[in-house]
Amino acid sequence: MTTLRLRPEDPADTGPIRRLLAAAFARPDVRSPPEVGFVEELRGTDAWIPELAMVAEYGGEVVGYALLTRVRLVHPTGTAPALALGPVAVAPHRQRLGHGTAVVQAALDAATELGERLVVVLGDPAYYRRFGFTRADRMGLSSPWSGLGEPWQALVLPPSASGEGPVPRGEVRFPPPWSKI
Ligand SMILES: CC(C)(COP(=O)(O)OP(=O)(O)OC[C@H]1O[C@@H](n2cnc3c(N)ncnc32)[C@H](O)[C@@H]1OP(=O)(O)O)[C@@H](O)C(=O)NCCC(=O)NCCS
């Protein structure tokens with residue numbers, strides 16, 4: 001039986017991920033969706049965390065992708081590391097089969113394993129609430145997108161074994177590639 005395999009990307013996945021993103025985000029008016037260049041620009045920066053670039057593979061094909069990269073939470077007494085989720089993509093011919101949910105959850109689980117505490121996302125709450133994301137502005141988190149209201153969301157991951165304190169309120173700062181999205 002063919003099963004969905006969830007694993008961090010490896011160098012051989014670069015081309016398949018590019019094609020997956022191009023297909024998932026295709027629009028008639030755009031030759032190459034910005035998500036393709038965005039991922040390639042982030043890869044190799046210090047925001048990139050190899051364990052948190054997650055692919056879903058089905059029958060040897062990369063059919064899903066969920067990316068968590070480093071952002072910083074600037075709060076009144078300093079800064080704290082956080083993660084941003086995106087892009088999330090599933091190949092059009094494999095959508096609505098649970099692959100998106102599986103690959104996002106795998107990325108979030110891997111982040112929890114690494115001791116990460118906070119993930120933010122900009123997206124449709126109807127989709128992201130299944131993972132526990134809620135409005136980030138109501139958690140005291142701002143960003144260039146906080147004015148959008150509901151789509152600006154955050155998730156506090158379970159504490160790691162070391163047990164950290166509560167997540168502070170503050171401003172989430174994104175590295176330059178995010179300004180293109
Ligand atoms: C969004 C996306 C990743 C979901 O992946 P998927 O494998 O189709 O999703 P799943 O099968 O895990 O979940 C399906 C559920 O998500 C919902 N859903 C799918 N796409 C959605 C969207 N764009 N907005 C809101 N809900 C969506 C479906 O209604 C379904 O809901 P249900 O579980 O209540 O029936 C996929 O549709 C995709 O790649 N879309 C194009 C790219 C995109 O918009 N990415 C997200 C922004 S970064």
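Strand 4 makes the largest contribution to the shell around the ligand in this predicted model, supplying five residues. Strand 4 (78–90) is joined in this role by helix 3 (99–113) and helix 4 (125–128), each of which provides at least two residues of the shell. In total, 18 residues surround the ligand, and the closest are Val90, Gln95, Gly100, Thr101 and Tyr127. Sorted by class, the shell comprises nine nonpolar residues, seven polar ones and two charged ones.

Helix 3 deserves a closer look. With 15 residues, helix 3 covers 21 Å between its first and last C-alpha atoms, close to the 21 Å expected at 1.5 Å a residue. Several positions along helix 3 are buried, namely His99, Gly100, Val103, Val104, Ala106, Ala107, Leu108, Ala110 and Ala111. Gly100 thus appears twice in this account, as a buried residue of helix 3 and among the residues closest to the ligand. The cover over the buried residues of helix 3 includes strand 1 (4–8), strand 2 (53–58), strand 3 (61–75) and strand 5 (118–122). Strand 4 also takes part in this cover, in addition to supplying five residues of the ligand shell.

Beyond the end of the helix, attention turns to a glycine. Gly115 lies in the loop that links helix 3 to strand 5, and its phi is positive, at about 85°. Gly115 counts as partly exposed because 14 other C-beta atoms lie within 10 Å, whereas a buried residue would need 20 or more. Between the C-alpha atoms of Gly115 and Val90 the separation is 27 Å, with the two residues 25 positions apart along the chain. Val90, for its part, is one of the residues closest to the ligand.

Methods:
Residues are numbered from 1 along each chain as its sequence is written. This is a predicted model: local features need pLDDT of at least 70, side-chain atom pairs count only at pLDDT 80 or more; totals for chains, interfaces and linings use all residues. A residue is near a molecule or strand if its C-beta atom, placed from the backbone, lies within 6 Å of it. Helices (H or I, at least four residues) and strands (E, at least two) are DSSP runs, numbered from the N terminus. Ala, Val, Leu, Ile, Met, Phe, Trp, Tyr, Cys and Pro count as nonpolar, Asp, Glu, Lys and Arg as charged, and the others, Gly among them, as polar. The expected span of a helix is 1.5 Å times one less than its number of residues. A residue is buried if 20 or more other C-beta atoms lie within 10 Å of its own, exposed if 12 or fewer, and partly exposed in between; C-beta atoms are placed from the backbone. Two residues are in contact if their C-beta atoms, placed from the backbone, lie within 7 Å.
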